[in-house]
Amino acid sequence: MKIALAGNPNSGKTTLFNALTGSNQFTGNWPGVTVEKKEGRYKGNKEVVITDLPGIYSLSPYTPEEVVARNYLIGERPDAILNIVDGTNLERNLYLTTQLLELGIPVVVAVNMTDILKKNGDLLYPDKLSRALGCEVVEISALKGAGIQKAADLVIAAATDMKLPEISHPFSKEADRIITDVSDRLTSVPEEQRRFFAVKLLEKDERIGSLLKQTPDVSAEIKKMEEFFDDDTESIITNERYGYISSIIKDCCVHNVKETLKISDKIDRVVTNRFLALPIFAVIMFAVYYVSVTTIGDILTGWTNDTLFGEWIVPGVSAGLQAIGCADWLRGLIADGIVGGVGAVLGFVPQMLVLFLFLAFLESCGYMARVAFIMDRIFRKFGLSGKSFIPMLIGSGCGVPGIMASRTIESDRDRKMTIMTTTFVPCGAKLPIIALIAGAFFGNAGWVAWSAYFVGILAIIGSGIILKKTKMFAGNPAPFVMELPAYHFPAAGSVLRSMWERGWSFMKKAGTIILLSAIVLWFLQGFGWINGQFTMLSGEQLNFSILAKIGGAIAWIFTPLGWTQGGAGWQMAVAAITGLIAKENVVTTFGILFGFAEVAEDGAEIWSALSGAMTAAAAYSFLVFNLLCAPCFAAMGAIRREMNNGKWFWFAIGYQTVLAYVVSLCIYQIGTFVTTGVFGIGTAVAFLLVLLLAFLLLRPQGENDMSKIMAKAKVSG
Amino acid sequence: MKTLKDSTVGSTVTVKKISGEGPVKRRIMDMGITKGATVFVRKVAPFGDPVEVTVRGYELSLRRADAQMIEVI
């Protein structure tokens, strides 16, 4: 038996789903979109499979969530729908209900948050509501676990008896007559589904045709309706639905007359107060950052990486393998390559779990919506969402949890843009590179670090503006018409579950790419030729490795960036490659390649060697390249996981690397021109590239103007 | 013609008509801002946009640019 769980966002749907299924859940993706699909078996009866539909407000054809939900309801035809509605927000929640009732599938309405209704002194009459809607209505409190058993029993009974809702909701006479006219003509459709299709055809829903065997021409009826009501059909039908709800709601739910200020309103008065909003926002963001990045998260990750794996597991495994007489190369592969690689994945997990705990809490208590509300003004100019603020803030500590934090952004387009740009913010591991370059070339000047952040922010803003004008991002402008849900204290179980699900999905999906890359790079670094003989190398012999050969072979690519000028081209290329494992490796790699086994974090020992090997302009170009290019493997794994699509993953990595190359080239060439006054071909190319960037930034939205985007979104979506 | 964008914070207005078409208009209406609905303009975000309104008993935020599509009295 298949039951679909449907309802508005913030109606407590996830809490109800968890209460119904417990740990019998499996997650996946809906076909063709990055919307998460959750299914589970009912605790009380394992034969019953419950599908958690995405939270939606309507069955319109405009958002991926709505399309997924209605395709499922129409295509898969579950045996019954359990529609959860927020009792404190009945009017808008019932709007979706009026649409679900037309599908010709048994529906049971579960009115949630009845405990809050009682506390407010509001009265709900479920029997009256049941009569008005023409289906069973049950009062529940998903948070307190009340009424859930009854809701499940009712929906199973409705599915067994095939008890279809008696569509009683009368629209105005004229509208109803036209809908009936159209549904009478839909002879190819089972009778109980006719009203749904008739309404969709009248709404000029362009996606509905594909679900029908034959699409009748209803333009005459549309014209008649639009003339009678002096409006477009989509608006007329929406008006009719809300009109109907207003007509029944007064009898079914009586609000407490003395209009006291609700707790949520009191909180909101302070939290988004004109003067207090920003300071409070800053404090909350600082707390999230401080706890999940600098203190607890950093301690846990440091401990996992350095102590657990660095001192115990890797040396332990290595010693164990030695004891049983394992060959050196195999021991290296297992201990350093595989176990070390797994460690690189797991090292991020504790920090991430701390962050996800915060995010889950902020989301379910209602503050996340306020973050978007406060920051929208600033971020939407660059094609980002107000919610992009959190990924970027976290990204200044570590890009991996930063990218994972983009999960909270609903709009697909904004989320992808955020994933692509988050790693431009210099993360903690890039700081040693900044310190190295600042120390070796610029006398430790403070402006180098500041400029690194400045470059990062400029890259985000510039990319946002450039990308939002490209074809990849042209479709689906996300309307920012967003509910600000009432504040409430979330259920601990739901918060913990959300934290764990996100952490686990990182380990599963991102883990593979990180592990694989770590092993490949371990091999390239650890093997090479000494005196013509291929052999395994010790750490200090890096300059004999395969990687060094590769560095030498590709160094010419970086000639326009000034790297090869002082003869240290291949070292710089190799350092940039080892930076892919972790960005701080750049400094240690330089140390080894310049003959120091161990260097301080800022590489002070090699400052003089380095400053002899390149000009200041080349050094700065190297710095910028490392800041902007493809991030470390762990972050790439996170990008792969969050994009959930190979094409988008490579687009993101490619874009970042090309941008890094172009910007570094311009910096080196123009920097050299300014300092030495020599104008060469490179300088000309650099100026042309600057012009190209300026063009991409300033060109008008052109053929992607809003009306056409909308038209396109309507057709292809 | 007065729109929701011009309405001052603290005022209560009634929706007369919603202009435009496509996803944004549908979304606005799906969220309950329909002809005849009462809308209370609650506050403006710290940076001046978006605005927060109360409609059908709940809080909704929308951008000023979109609020301009909503004709009110």
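Helices here are DSSP runs of at least four residues, numbered from the N terminus. With that in hand, A:Leu436 can be placed in helix H20 of chain A, which spans residues 431–441. The model is a predicted one, and the picture below starts inside chain A and then moves out to where chain A meets chain B.

A:Leu436 has a relative accessible area of 0%, and since anything under 20% counts as buried, this leucine is buried. Leaving aside residues up to four places away in sequence, the neighbours touched by A:Leu436 are A:Val587, A:Phe590, A:Asp602, A:Gly603, A:Ile606, A:Trp607 and A:Leu610. A:Gly325, by contrast, is nowhere among these contacts: A:Gly325 and A:Leu436 are 111 residues apart in sequence, with 41 Å between their C-alpha atoms.

Next comes helix H19 of chain A, residues 412–422. Ten of its eleven residues are buried, so H19(A) is largely enclosed by the rest of the structure. The buried set is a mixed bag: it includes A:Arg413, A:Asp414, A:Arg415 and A:Lys416, along with A:Met417, A:Ile419 and A:Met420. Also on the buried list are A:Thr418, A:Thr421 and A:Thr422. As for what does the covering, the buried residues of H19(A) pack against five helices of chain A, namely H17 (389–395), H18 (399–404), H21 (446–468), H28 (633–643) and H29 (646–676).

Strand S5 of chain A (residues 80–86) is mostly covered too, with seven of its seven residues buried. In a regular strand, side chains alternate between the two faces of the sheet. In S5(A), A:Ala80, A:Leu82, A:Ile84 and A:Asp86 point one way, while A:Ile81, A:Asn83 and A:Val85 point the other way, and all are buried. S5(A) has strand partners as well. Strand S1 of chain A (residues 2–7) runs parallel to S5(A) and is joined to it by five bridges, with A:Leu5 standing opposite A:Leu82. Strand S6 of chain A (residues 107–112) also pairs with S5(A) in the parallel sense, this time over six bridges, and here A:Val85 sits opposite A:Val111.

A:Ala146 gives a less covered view of chain A. This alanine belongs to the loop between strand S8 (136–139) and helix H6 (148–161). Its relative accessible area is 38%, so A:Ala146 counts as partly exposed. Beyond residues up to four places away in sequence, A:Ala146 touches A:Glu139, A:Ile140 and A:Ser141. A:Asp115 is 31 residues apart from A:Ala146 in sequence, and their C-alpha atoms are 9.0 Å apart.

That leaves the interface. Chain A puts 41 residues into the contact and chain B puts in 33. Together the two chains bury about 3,700 Å², 56% of it on carbon and sulfur atoms. Nine salt bridges cross between chain A and chain B. One pairs A:Asp268 with B:Lys43, where the closest N and O atoms are 2.9 Å apart. Polar contacts between the chains come to 18 residue pairs, counting residues at pLDDT 80 or more. On the chain A side, two or more residues apiece come from helices H3 (90–100), H10 (233–252), H11 (263–271), H12 (277–294) and H16 (367–379), and from strand S10 (481–483). By residue type, this side divides into 19 nonpolar, nine polar and 13 charged. S10(A) also pairs across the interface: three bridges join it to strand S4 of chain B (residues 58–62), and the two run antiparallel. Within that pairing, A:Glu483 stands opposite B:Leu60.

Notes. Residues numbered from 1 in each chain as written. Chains lettered and ligands numbered in written order. Predicted model: local features only at pLDDT ≥ 70, side-chain atom pairs only at ≥ 80, totals over all residues. Heavy atoms only, no water. Contact = heavy atoms within 4.5 Å. Buried area = accessible area lost by both parts, 1.4 Å probe. Salt bridge = Lys/Arg side-chain N within 4 Å of Asp/Glu carboxyl O. Polar contact = N/O pair within 3.5 Å; in protein donor to acceptor, adjacent residues only side chain to side chain. Nonpolar A, V, L, I, M, F, W, Y, C, P; charged D, E, K, R; others polar. Pairing = 2+ DSSP bridges. Buried < 20%, exposed > 50% of the residue type's maximum accessible area, 1.4 Å probe, protein only.
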